[in-house]
Amino acid sequence: MEDKHKYILLKVIKNNSDVHQLIREGLTFPRIAELNAEAIKEGYVTYSKESIRLSEKGIAKLHDLDIKFKKVNKDEWIEKDIKNMIPKLDKNVIFVPKQNELTF
């Protein structure tokens, strides 16, 4: 299990959130299920009929990975949308994009 994916998975389980961040990392649902099974096997996660939680070992691992991967620089919190950036224009030019070229 890659450390970054492990970190995101443990954070998702701790916060009881969805797996969209793992999907944005390029993982498929079967791979996410494999990561989850690996985390259970390694003892980071406890699984019961109704819930899935971090174990003490998982909390410690999340803390260790948090030091390595947590983004403390506020500029890194939101990724730049490079595909929608336009080149700098002269301040006397008005830019009106074509309606069918907008991606948002």
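Helices here are DSSP runs of H or I with at least four residues, and they are numbered from the N terminus. The model is predicted.

**Exercise 1. The second largest pocket**

Find which element gives the most to the lining of the second largest pocket.

Solution.
- Step 1. Start with the space: the second largest pocket holds about 190 Å³.
- Step 2. Go through the lining. Leu9, Val12, Ile13, Lys14 and Asn15 belong to it, and so do Asn16, Ser17 and Val19. Ile32, Ala33, Asn36 and Ile52 complete the list.
- Step 3. Look for elements with at least two residues in this lining. These are α1 and α3, the latter spanning 29-42.
- Step 4. Pick the top contributor. α1 gives the most, with five residues.
- Step 5. Sort the lining by class. It has seven nonpolar residues, four polar and one charged.

**Exercise 2. The largest pocket**

Work out how the lining of the largest pocket divides by class.

Solution.
- Step 1. Take the volume, which is about 410 Å³.
- Step 2. Count the lining: 13 residues. Those nearest the centre of the pocket are Lys11, Gln21, Phe69, Lys71 and Glu76.
- Step 3. Name the elements that give two or more residues. They are α1 (3-15) and α2 (20-24).
- Step 4. Find the largest share. Four residues come from α1.
- Step 5. Now sort by class. Eight lining residues are charged, four are nonpolar and one is polar.

**Exercise 3. The nonpolar core**

Identify which members of the largest nonpolar core touch the most other members.

Solution.
- Step 1. Recall a general tendency: in soluble globular proteins, nonpolar side chains tend to be buried together.
- Step 2. Count the members of the largest nonpolar core here: 16 residues.
- Step 3. Pick out those that touch the most other members. They are Leu9, Leu10, Leu22, Val45 and Leu54.
- Step 4. Trace the core to its elements. α1, α3 and α4 (56-69) each give two or more residues. The largest share, six residues, comes from α1.
- Step 5. Follow Leu10 outward, leaving aside neighbours within four places in sequence. Leu10 is in contact with Tyr44, Val45 and Leu54, as well as Gly58, Lys61, Leu62 and Leu65.

**Exercise 4. Salt bridges between helices**

Determine which parts of the chain the salt bridge of Lys68 and Asp3 ties together.

Solution.
- Step 1. Locate the bridge. The closest N and O atoms of Lys68 and Asp3 are 3.5 Å apart.
- Step 2. Assign the helices. Lys68 is in α4 and Asp3 is in α1, so this pair joins parts that are 65 residues apart in sequence.
- Step 3. Check exposure. Lys68 has 55% relative accessibility, so Lys68 counts as exposed. Asp3, with 28%, is partly exposed.
- Step 4. Turn to a second bridge, formed by Lys6 and Glu42. Their closest N and O atoms are 3.9 Å apart.
- Step 5. Assign its helices too. Lys6 sits in α1 and Glu42 in α3, so the pair ties together parts 36 residues apart in sequence.
- Step 6. Check exposure again. The cut-off for buried is under 20% relative accessible area. Lys6 has 8%, so Lys6 is buried. Glu42, at 31%, is partly exposed.
- Step 7. Join the pieces. Asp3, Lys6, Glu42 and Lys68 are linked in a network of salt bridges.

**Exercise 5. A salt bridge within one helix**

Work out how Arg31 and Glu34 are placed in helix α3.

Solution.
- Step 1. Confirm the bridge. The side chains of Arg31 and Glu34 meet at 3.1 Å, N to O.
- Step 2. Consider their spacing. They are three residues apart in α3, so about one helical turn separates them.
- Step 3. Compare with the cut-offs. Arg31 has a relative accessible area of 26% and is partly exposed. Glu34 is partly exposed as well, at 43%.
- Step 4. Set this bridge in the full tally, which is six salt bridges.

**Exercise 6. Two lining residues**

Is Asn16 buried or exposed, and is Ile32 buried or exposed?

Solution.
- Step 1. Place Asn16. It is in the loop between α1 and α2.
- Step 2. Read its accessibility. With a relative accessible area of 70%, Asn16 is exposed.
- Step 3. Note its backbone. Most residues other than glycine have a negative phi. Asn16 is not a glycine, yet its phi is positive, about 55 degrees.
- Step 4. Place Ile32. It belongs to helix α3.
- Step 5. Read its accessibility. At 8%, Ile32 is buried.
- Step 6. List the contacts of Ile32, leaving aside neighbours within four places in sequence. They are Val19, Leu22, Ile23 and Leu27.
- Step 7. Add one distance. The C-alpha atoms of Ile32 and His5 are 9.0 Å apart, with their positions 27 residues apart along the chain.

How values were computed. Residues numbered from 1 in each chain as written. Predicted model: local features only at pLDDT ≥ 70, side-chain atom pairs only at ≥ 80, totals over all residues. Heavy atoms only, no water. 1 Å grid on protein atoms, 1.4 Å probe; cavity = no way out; pocket = protein on both sides within 12 Å on 5 of 7 lines; lining within 4 Å. Points joined across faces, edges and corners; volume = space filled by probe spheres on them. Nonpolar A, V, L, I, M, F, W, Y, C, P; charged D, E, K, R; others polar. Core = buried A, V, L, I, M, F, W, Y, C linked by side-chain atoms within 4.5 Å. Buried < 20%, exposed > 50% of the residue type's maximum accessible area, 1.4 Å probe, protein only. Contact = heavy atoms within 4.5 Å. Salt bridge = Lys/Arg side-chain N within 4 Å of Asp/Glu carboxyl O.
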